[in-house]
Amino acid sequence: MRAVVYDRYGPPDVLRIEEVPTPTPGRGQVLVEVMATSLNLSDWEGLTGSPAYARFGGFRKPRRRTLGSDIAGRVQAVGTNVTRFRPGDEVYGDNLALLGGFAEYALAPEKALAHKPEALSFVEASTIPQAGPIALQGTAGIGPGQRILINGGGGGSGSFAIQLAKRAGAHVTGVDNASKLEHMRSMGADEVIDYRSQDWTRLGPYDRVLDLVAHRSVFAYRRSLARGGRYRCVGGSVRVLLRVITVGALLGRLTGRRIGLLVVKPGPTYFEPMADLCVSGEIRIHIDRTFGLEQVPEALAQVGEGHALGKVVVEVRPSPRFPTPRFG
Ligand SMILES: NC(=O)c1ccc[n+]([C@@H]2O[C@H](COP(=O)([O-])OP(=O)(O)OC[C@H]3O[C@@H](n4cnc5c(N)ncnc54)[C@H](OP(=O)(O)O)[C@@H]3O)[C@@H](O)[C@H]2O)c1
C-alpha cells in the first residue's frame, strides 16, 4: 500500500510516499481502508516534534512512521475479539494510539472507532473525532449571557467551539490571526481579535477562556478572568502548560478564579454527540480545503503555518460524495 512516512522530526519536506506492506489486524484491531483523514494541530506537532509533549514515546525519532489520527473509511478486515465491526462497515475515529491515517490502510483499536453516520461523507466525518471532543468538553457548562473567549478560534476545534458556545447563549470572542477573523465571525463570534496586533488578556474580563494554544504567562491569564471565572487550556508550550497546572492553579485559587488544563477525554462516547449535532445541522462543519495523499506535506504546512480556516482534510481515496454543498 502507499503510505506517507518520515523517520525524523522536521519540516514537511522530511515526508515521502513509500510502498509499505499492508498491516494485518491483531487482537482487538480493525484494518480500515482509509477514505479521508482530517488534520489536527497534533499532526503538525508530531511532524516537527514540538512542543516537547509531541515526542512522547519517541524522543529522538518518531514513534510511528505514518502520521494521521482522524480517520474515516471502510472496514477491510478485523482481528480476533472484534465484535462491533465487520468488513464493509463505514467507520470513523480518532486513532491517536496507532496513527497511520496518511496511508491507504490503517490499523485502529476497535474501541477508537464508531459507525459513520450515513448522512456524513467520509471527508465530513473525519473532521469530528479529535476536534469535536475538544470543543464539546472545552465549552461544557457555559451558560446564557456568559462572556467566553476562545483563543485559537479559527482552527479546527475553535470553529466547533465558537458554534457550541453561541448555541449555549454565550457572548463569544474569537482570537486568531487576522486572516481568520472573518471566518470566526461566520462561525458566530460576536467579537474577534487578531492576536498579533492586540493583547486579549487586557481586554476582558471574561467568565470563561478556552485556550487552544497557550503561550502566555499565568498572570496574563489571571488578568483576563472575571471574579469566579475559569481559564482552561488544551495545548500550547510545555513551559506554559506546566506553569498553568502549578502557579496558575494556586494563583487562581487565591484570587477567586480557576486556572487549569483540560485533559480531553477521547473516543466514540465523546465524539458521537458532536456528529449528531452536525447531522442535525445544528453545528456546521467548515472544510477549508481537501488534498490528495501525495499532497500531505502541503496539507500539513497549511495547518502548521496557520493558513487553514476550520478543517483541512486529506482525501486518501477521492469519494464521489464530496464535495457536497451540505456544510460550510
Ligand atoms: N489536552 C488534550 O487532551 C488535547 C488532545 C488533543 C489535542 N490537543 C491540543 O488541542 C489543540 C487543538 O488544536 P486544533 O487542532 O484545533 O488546531 P488548529 O486547527 O491548528 O487551530 C489552532 C489555531 O490557533 C491559532 N494560533 C496559533 N498561535 C496562536 C496564538 N498565539 N494566539 C492565538 N491563536 C493562535 C492558529 O493560527 P496561526 O498559527 O495561523 O496563527 C490556528 O488557527 C492543539 O494545541 C493540540 O495540541 C489537546
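Me: Why is Asp199 called partly exposed?

Reply: In this predicted model, Asp199 has a relative accessible area of 22%. Buried would require a value under 20% and exposed a value over 50%, so 22% falls in between and Asp199 counts as partly exposed.

Me: What makes the pair of Asp199 and Arg216 a salt bridge?

Reply: The closest N and O atoms of Asp199 and Arg216 are 3.0 Å apart, and the cut-off for such a pair is 4 Å, so the contact qualifies as a salt bridge. Asp199 sits in the loop between β10 (191–194) and β11 (206–211), while Arg216 sits in the loop between β11 and α6 (218–224), so the pair ties together parts that are 17 residues apart in sequence. Arg216 has a relative accessible area of 30% and is likewise partly exposed.

Me: How do you know that the side chains of Arg223 and Asp199 meet in a salt bridge?

Reply: Their N to O distance is 3.8 Å, which is still within the 4 Å that a salt bridge allows. Arg223 belongs to helix α6, whereas Asp199 belongs to the loop between β10 and β11, so this pair ties together parts that are 24 residues apart in sequence. The relative accessibility of Arg223 is 35%, and Arg223 therefore counts as partly exposed.

Me: What ties Arg65 to Glu18?

Reply: Their side chains meet in a salt bridge with an N to O distance of 3.4 Å, a value within the 4 Å cut-off. Arg65 lies in the loop between α1 and β4 (70–78) and Glu18 in strand β2 (residues 16–19), so parts that are 47 residues apart in sequence are tied together. Both residues count as partly exposed, Arg65 at 36% relative accessibility and Glu18 at 25%. Arg65 and Glu18 are also linked with Asp7 and Arg16 in a network of salt bridges, and the structure holds 16 salt bridges.

Me: Why is Cys233 called buried?

Reply: Cys233 has a relative accessible area of 0%, and the label applies under 20%, so Cys233 is buried. Cys278, also with a relative accessible area of 0%, is buried too.

Me: How many disulfides does a search of the whole structure find?

Reply: The search finds 0 disulfides, where a pair of cysteine sulfur atoms would have to lie within 2.5 Å to be counted.

Me: What makes the approach of Glu45 to the ligand a polar contact?

Reply: An N or O atom in the side chain of Glu45 is 2.9 Å from an oxygen atom of the ligand, and the cut-off is 3.5 Å, so the pair counts as a polar contact. Backbone atoms take part as well: a polar one of Gly156 is 2.7 Å from a ligand oxygen, and an N or O atom of the Val264 backbone lies 2.9 Å from a ligand oxygen. The protein buries 86% of the 950 Å² that the ligand exposes when taken alone.

Me: Which residues come nearest among the 27 around the ligand?

Reply: Those are Ser157, Asp176, Asn177, Tyr195 and Gly306. By class, the residues of the shell divide into 11 nonpolar, 12 polar and 4 charged.

Notes:
Residues are numbered from 1 along each chain as its sequence is written. This is a predicted model: local features need pLDDT of at least 70, side-chain atom pairs count only at pLDDT 80 or more; totals for chains, interfaces and linings use all residues. Side-chain values use heavy atoms; hydrogens and water are left out. A residue is near a molecule or strand if one of its heavy atoms lies within 4 Å of it. A polar contact is a pair of N or O atoms within 3.5 Å; within protein, one must be able to donate a hydrogen and the other to accept it, and residues adjacent in sequence count only if both atoms are side-chain atoms. Accessible areas come from the Shrake-Rupley method with a 1.4 Å probe; for residues, only the protein chains shown count as cover. Ala, Val, Leu, Ile, Met, Phe, Trp, Tyr, Cys and Pro count as nonpolar, Asp, Glu, Lys and Arg as charged, and the others, Gly among them, as polar. Buried means under 20% relative accessible area, exposed over 50%, partly exposed in between (1.4 Å probe, protein chains only). Helices (H or I, at least four residues) and strands (E, at least two) are DSSP runs, numbered from the N terminus.
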